[in-house]
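Dear colleague,

Here is the structure I said I would pass on. My notes on it follow below the entry.

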Amino acid sequence: MSPFFKTLGGLALSAMLSVAHAISLGDIAPAITATHASGAAVSVAAPAAKLTYIDFWASWCAPCKQSFPWMDAMHEKYGKAGLRVLAITVDKKREDADKFLKQANAKFEIGFDPDGKTAAAYTVKAMPTSLLIDEKGKVIFVHSGFRASDTEDLEAQIKAALDAATLRKP
């Protein structure tokens with residue numbers, strides 16, 4: 001077999017495998033650990049959270065800049081009800097992320113993933129990509145991109161998931 005066809009076959013197999021392992025609704029979220037600004041580990045699992053909103057972002061992403069004020073508002077509005085907001089940057093250079101964060105003034109958790117391992121575990125294909133993960137670790141919502149017109153639906157998803165989590169508690 002020619003090298004061209006070996007490469008083509010390898011690419012096709014790689015594409016099929018990545019599709020087969022894409023995160024879907026109902027999947028258990030991969031156990032990930034990113035690094036907090038302090039150097040401590042940041043995990044998806046948070047015992048006190050009823051719901052975790054994970055957002056993968058990058059400093060060069062224009063929609064990401066728009067999403068940060070909204071995530072701050074959601075953190076403020078629903079944090080006491082059990083929402084945890086965790087934004088994970090895939091910037092390779094820490095100084096790029098730090099510059100973005102200085103302007104964004106985020107009040108929620110930030111994780112750093114310069115090697116892209118966390119984003120790969122979640123099969124992130126667009127910036128930003130966000131997921132809602134319930135208290136049992138199940139993916140209940142996935143969203144790519146961010147526009148102001150998305151915020152009403154995103155907040156409705158968060159509110160419904162928090163309401164459902166409250167009903168499940170004894």
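**Overall picture**

Of the 170 residues in the protein, 41% are buried. Please keep in mind that this is a predicted model. The protein contains five helices and seven strands, and from the N terminus on these elements follow the order α-β-β-β-α-β-α-β-α-β-β-α. Among the contacts with a separation of 6 or more, 71% are between residues 24 or more positions apart.

**Aromatic pairs**

Counting rings of Phe, Tyr and Trp whose centres lie within 6.5 Å, the protein has seven aromatic pairs. One of them joins phenylalanine 56 and tyrosine 122: the ring centres are 5.5 Å apart and the planes stand at 45°, so this pair is tilted. Its two members come from distant parts of the chain, 66 residues apart. Phenylalanine 56 belongs to strand S3 (residues 51–57), while tyrosine 122 sits in the loop between helix H4 (117–121) and strand S6 (129–134). Both phenylalanine 56 and tyrosine 122 are buried.

Another pair is made by phenylalanine 68 and phenylalanine 100. Here the centres are 4.9 Å apart and the planes are at 80°, so the pair is edge-to-face. Phenylalanine 68 is in helix H2 (residues 62–78) and phenylalanine 100 is in helix H3 (residues 94–104), so the pair ties together parts that are 32 residues apart in sequence. Phenylalanine 68 and phenylalanine 100 are both buried. The two also belong to one aromatic cluster, together with Trp57 and Phe108.

There is also a charge over a ring: arginine 94 lies over the face of phenylalanine 112, at 3.8 Å from the ring centre.

**Aspartate 91 and its surroundings**

Which side chain of opposite charge is nearest to aspartate 91? That side chain is arginine 94, at 9.1 Å. A salt bridge needs a nitrogen within 4 Å of a carboxyl oxygen, and aspartate 91 has no salt bridge although it is buried. The residue lies in the loop between strand S4 (83–89) and H3.

What aspartate 91 does have is polar contacts from its side chain. One, of 2.9 Å, goes to the side chain of serine 59. Another, also given as 2.9 Å, goes to the side chain of threonine 89. Leaving out residues up to four places away in sequence, aspartate 91 touches Trp57, Ala58, Ser59, Trp60, Asp96, Ala97 and Pro114. Trp57 in that list is a member of the aromatic cluster described above.

Asp96, one of the residues that aspartate 91 touches, lies in helix H3. Aspartate 96 has a relative accessibility of 36%, so it counts as partly exposed. Apart from neighbours within four places in sequence, aspartate 96 is in contact with Ser59 and Asp91. The C-alpha atoms of aspartate 96 and serine 59 are 6.2 Å apart in space, with the two positions 37 residues apart in sequence numbering. Serine 59 thus appears in both sets of contacts, that of aspartate 91 and that of aspartate 96.

**Serine 43**

Serine 43 is placed in strand S2 (residues 41–43). With a relative accessible area of 30%, serine 43 is partly exposed. Setting aside neighbours within four places in sequence, its contacts are Ile32, Arg84 and Leu86. Serine 43 and glycine 111 are 68 residues apart along the chain, and their C-alpha atoms are separated by 8.8 Å.

**Backbone points to check on screen**

Three places in the backbone are listed here.

- The peptide bond from methionine 127 to proline 128 is cis, with omega near -15°. Proline 128 is in the loop between H4 and S6.
- Threonine 123 is in the loop between H4 and S6. Its phi is near 50°, a positive value in a residue other than glycine.
- Asparagine 105 has a phi near 55°, again positive in a residue other than glycine. Asparagine 105 is found in the loop between H3 and strand S5 (109–112), and at 48% relative accessibility it counts as partly exposed.

The loop between H4 and S6 therefore holds tyrosine 122 of the tilted pair, threonine 123 and proline 128.

Regards

Definitions and conventions. Residues numbered from 1 in each chain as written. Predicted model: local features only at pLDDT ≥ 70, side-chain atom pairs only at ≥ 80, totals over all residues. Heavy atoms only, no water. Phe/Tyr/Trp six-rings, centres within 6.5 Å; stacked < 30°, edge-to-face > 60°. Helix = DSSP H or I, 4+ residues; strand = E, 2+ residues; numbered from the N terminus. Buried < 20%, exposed > 50% of the residue type's maximum accessible area, 1.4 Å probe, protein only. Lys NZ or Arg CZ within 6 Å of the ring centre and 35° of its normal. Lys, Arg positive; Asp, Glu negative; His and termini not counted. Polar contact = N/O pair within 3.5 Å; in protein donor to acceptor, adjacent residues only side chain to side chain. Contact = heavy atoms within 4.5 Å.
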